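Open your viewer and get ready to click along. We will move from one selection to the next, pausing at each stop to see what is there.

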Amino acid sequence: GRGGNPLAMLATALLAPLAASLIQLAISRTREFDADADGAQLTGDPLALASALAKLERGTAARPLQPTQRLENVSHMMIANPFRGGGMAKLFATHPPMAERIARLERLAGY
């Protein structure tokens, strides 16, 4: 009776959860970058942190974990993404690409 467009309401109902998830992922990635910058400032050595991240990336690439429900529930708290993923999985990853994190730390160091 209010004259609302049913297609618009349906589209909103379907797209709102997706938009909320994308915003949550963006916030999570921003927090990762902020934590890296804070760690670099705290230690005074961004290159050491970049080196540590590179080692973690090599380790998780060599021996990725199986994505069980229990591990997926806590994977956002891990420093590096413990699962192998590509394509669409990277779009919805809670962790930013490690190469981008390392590049930002190198820029902080003046490289």
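## First stop: the end of the chain

Select Tyr 111 and show what surrounds it: leaving aside neighbours within four places in sequence, Tyr 111 is in contact with Leu 47 and Glu 106. Keep in mind from the start that this is a predicted model. Tyr 111 sits in the segment after H5. Is Tyr 111 buried or exposed? Tyr 111 is exposed, its relative accessible area being 69%. Now add Leu 47 to the selection and draw a line between the two C-alpha atoms: Tyr 111 and Leu 47 are 64 residues apart along the chain, yet the line spans 9.4 Å.

Step back by one residue to Gly 110. Just after H5, Gly 110 takes a positive phi of about 95 degrees.

## Zoom out: the whole chain

Switch to a cartoon view of the protein chain. How many helices and strands are there? The secondary structure comes to five helices and zero strands, and reading along the sequence gives the pattern α-α-α-α-α. If you colour by burial, 19% of the 111 residues count as buried. Contacts are worth a look too: among those between residues at least 6 apart in sequence, 58% join residues at least 24 apart.

## Second stop: helix H2

Select residues 46-62, which form helix H2. This helix has 17 residues, and from its first C-alpha to its last it reaches 24 Å, close to the 24 Å expected at 1.5 Å a residue.

Next, highlight the buried residues of H2: Pro 46, Ala 50, Leu 53 and Thr 60. Why do they sit on the same side of H2? Look down the axis: they cover an arc of only 90 degrees around it, and that puts them on the same side of the helix. To see what covers these buried residues, show helix H1 (6-43) and helix H5 (98-108), which are both included in the cover. Then turn to the face of H2 that points away from its buried side, where you will find the exposed residues Lys 55, Arg 58 and Ala 62.

Now pick one residue of H2, Ala 50. Ala 50 counts as buried because its relative accessibility is 5%, and the cut-off for buried is under 20%. Not counting residues up to four places away in sequence, Ala 50 touches Ile 102 and Leu 105. Draw a line from Ala 50 to Leu 105: these residues are 55 apart along the chain, and their C-alpha atoms are separated by 6.0 Å.

## Third stop: where H1 meets H2

Keep H2 on screen and bring H1 forward. Two packed helices are described by the angle between their axes and the distance between the axes. Here, the axes of H1 and H2 come within 8 Å and cross at roughly 130 degrees. H1 and H2 are therefore oblique to each other. For the contact itself, select Asp 36, Gly 39 and Ala 40 on H1, together with Pro 46, Leu 49 and Leu 53 on H2. Sorted by class, this contact has four nonpolar, one polar and one charged residues.

## Fourth stop: helix H5

Move on to H5 and highlight Met 98, Arg 101, Ile 102 and Leu 105, the buried residues of this helix. Viewed down the axis of H5, they fall within an arc of 95 degrees, so they line one face of the helix. Show H1 and H2 again, since what covers the buried residues of H5 includes both. On the face of H5 turned away from its buried side, look for the exposed residues Ala 99 and Arg 107.

Stay in H5 and click on Arg 104. This residue is partly exposed, with a relative accessible area of 36%. Arg 104 and Asp 36 are 68 residues apart along the chain, while 8.7 Å separates their C-alpha atoms.

## Last stop: a loop

Finally, select Arg 63, in the loop between H2 and helix H3 (69-74). Arg 63 is exposed, with a relative accessible area of 70%. Add Arg 84 to the selection: Arg 63 and Arg 84 lie 21 residues apart in sequence and 8.9 Å apart in space, C-alpha to C-alpha.

How values were computed: Residues are numbered from 1 along each chain as its sequence is written. This is a predicted model: local features need pLDDT of at least 70, side-chain atom pairs count only at pLDDT 80 or more; totals for chains, interfaces and linings use all residues. Side-chain values use heavy atoms; hydrogens and water are left out. Helices (H or I, at least four residues) and strands (E, at least two) are DSSP runs, numbered from the N terminus. The expected span of a helix is 1.5 Å times one less than its number of residues. Buried means under 20% relative accessible area, exposed over 50%, partly exposed in between (1.4 Å probe, protein chains only). The arc is that of the directions from the helix axis to the C-beta atoms. Contact means heavy atoms within 4.5 Å. Axes are lines fitted to C-alpha atoms, for helices over the stretch in contact, and angles run from 0 to 180 degrees between N-to-C directions. Angles under 35 degrees count as roughly parallel, over 145 as roughly antiparallel, 65 to 115 as roughly perpendicular and the rest as oblique. Ala, Val, Leu, Ile, Met, Phe, Trp, Tyr, Cys and Pro count as nonpolar, Asp, Glu, Lys and Arg as charged, and the others, Gly among them, as polar.
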